[in-house]
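Got the viewer open? Let's walk through a protein model together, one feature at a time.

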Amino acid sequence: MRNVTLIDHPLIQHKLSLIRDKDTGAKDFRELVEEVAMLMCYEVTRGMQLEQIEIETPICKTKAKVLAGKKVGIVPILRAGLGMVDGMLKLIPAAKVGHIGLYRDPETLKPVEYYCKLPPDIGERDIIVTDPMLATGGSSSDAITLLKRKGAKNIKLMCLIAAPEGLKYVTEQHPDVEIFTAAIDERLNDHGYIVPGLGDAGDRLFGTK
Ligand code: PRP
Ligand code: URA
């Protein structure tokens, strides 16, 4: 699918299998989600621009490459997207973090917005939206629409598990947004859960079920 990158690194696949396991408790689940987010962040930021500067090693002066200074904004979709933030901040500590609160109405499966706080210079940043689950795609798509309304121009979406239905929906709604996922699962069930998936990501992260 255009604009969709499946990140199938063996370390990521191994950790994702542990995350999926119903017997993995909240502490391990949280740590694994953070680790996978960090590993995925490495791939998602592959296109970052570099510039050359001059430095001095203990031996001599030399030219060296550093990031060209384009700022990054990480925007988790609450709640579950929060679980991916710390892993990413380990690699991009200077990133600013915005928050978008959405919950999926259990009857309609439509996202309902309840919170939005973004860095003021959102239009000048490379934005990475995080949410472990891309199910119908409604939450991610609405979050991206909101970000665009607030001025964001360069947006990527990073999830752990995507359903084909959600990928289709988001790529149709936002053909300019690159999506990175560690897995593309079979389908959605009648309750809008990803099969085989990992269950309810927010509840498993925060121990609320
Ligand atoms: C989950 C998940 C996504 C959304 C995915 O959040 O974290 O945000 O569902 O479903 P969709 O692609 O069909 O919109 P949920 O609404 O359960 O809220 P929570 O993170 O607060 O638990
Ligand atoms: N939200 C989740 O947390 N899990 C799913 O499988 C679908 C939506």
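What follows is a short chat between a learner and a teacher about strands, cores, pockets and two single residues.

Q: Before we start, what kind of model is this?

A: It's a predicted model. Keep that in mind as we go.

Q: Okay, strands first. Which way do β4 and β6 run relative to each other, parallel or antiparallel?

A: When you look at paired strands, check the direction and then the bridges. Here β4 (residues 72-78) and β6 (residues 99-104) run parallel, with two bridges joining them. For a spot to click on, try Leu 78: its bridge partner in β6 is Gly 101.

Q: And which way does β6 run with β7, parallel or antiparallel?

A: That pair is antiparallel, and six bridges hold β6 to β7 (residues 111-117). Look for Arg 104, whose bridge partner in β7 is Pro 111. The two strands make a hairpin with six residues between them. In its turn, Leu 109 has a positive phi of about 65°.

Q: Now the inside. Why do people look for a nonpolar core?

A: The general idea is that nonpolar side chains in soluble globular proteins tend to be buried together. In this model the largest nonpolar core has 35 residues, and those touching the most other members are Ile 19, Met 40, Met 158, Leu 160 and Ile 161. Several elements give two or more residues to this core, including α1 (10-20), β10 (154-162) and β11 (178-184). The largest share, eight residues, comes from α2.

Q: What does Met 40 contact, leaving aside its neighbours within four places in sequence?

A: Its contacts include Ile 7, Ile 12, Met 158, Leu 160 and Phe 180. Apart from this core there's another one, of 23 residues, with Val 75, Ile 122, Val 129 and Ile 144 among them.

Q: Next, empty space. How do you find where it is left?

A: You roll a probe the size of a water molecule over the atoms, and that shows where empty space is left. The largest pocket in this model has a volume of about 630 Å³. Its lining has 30 residues, and Tyr 103, Arg 104, Ser 139, Tyr 193 and Asp 200 lie nearest the centre. Among the elements giving two or more residues to that lining are β4, β6 and α4 (138-149). Sorted by class, the lining has 14 nonpolar, nine polar and seven charged residues.

Q: How much space lies in the second largest pocket?

A: About 480 Å³. It's lined by 24 residues, with Met 48, Leu 67, Lys 70, Val 72 and Asp 126 nearest its centre. The elements giving two or more residues here are α2, β8 (126-130) and β10. By class, this lining has 14 nonpolar, five polar and five charged residues.

Q: Last thing: single residues. Why is Thr 130 called buried?

A: You compare the relative accessible area with a cut-off: under 20% is buried. Thr 130 comes out at 0%, so it counts as buried. This residue sits in strand β8. Beyond residues up to four places away in sequence, Thr 130 touches, among others, Ile 74, Val 75, Met 84 and Met 158.

Q: And why is Ala 26 called partly exposed?

A: Partly exposed covers the range between the buried cut-off, under 20%, and the exposed one, over 50%. Ala 26 has a relative accessible area of 29%, so it's partly exposed. You'll find Ala 26 in helix α2. Its C-alpha atom is 5.7 Å from that of Arg 204, even though the two are 178 residues apart along the chain. Not counting residues up to four places away, Ala 26 touches Arg 204 and Leu 205.

Technical notes: Residues are numbered from 1 along each chain as its sequence is written. Chains are lettered from A and ligands numbered from 1 in the order in which they are written. This is a predicted model: local features need pLDDT of at least 70, side-chain atom pairs count only at pLDDT 80 or more; totals for chains, interfaces and linings use all residues. Side-chain values use heavy atoms; hydrogens and water are left out. Two strands pair if DSSP finds at least two bridges between them. Helices (H or I, at least four residues) and strands (E, at least two) are DSSP runs, numbered from the N terminus. A nonpolar core is a set of buried Ala, Val, Leu, Ile, Met, Phe, Trp, Tyr and Cys residues joined through side-chain atoms within 4.5 Å. Buried means under 20% relative accessible area, exposed over 50%, partly exposed in between (1.4 Å probe, protein chains only). Contact means heavy atoms within 4.5 Å. On a 1 Å grid over the protein atoms alone, a cavity is a set of points where a 1.4 Å probe fits but cannot get out, and a pocket is an open set with protein on both sides within 12 Å along at least five of seven lines; lining residues have an atom within 4 Å of a point. Grid points are joined across faces, edges and corners, and a volume is the space filled by probe spheres set on the points. Ala, Val, Leu, Ile, Met, Phe, Trp, Tyr, Cys and Pro count as nonpolar, Asp, Glu, Lys and Arg as charged, and the others, Gly among them, as polar.
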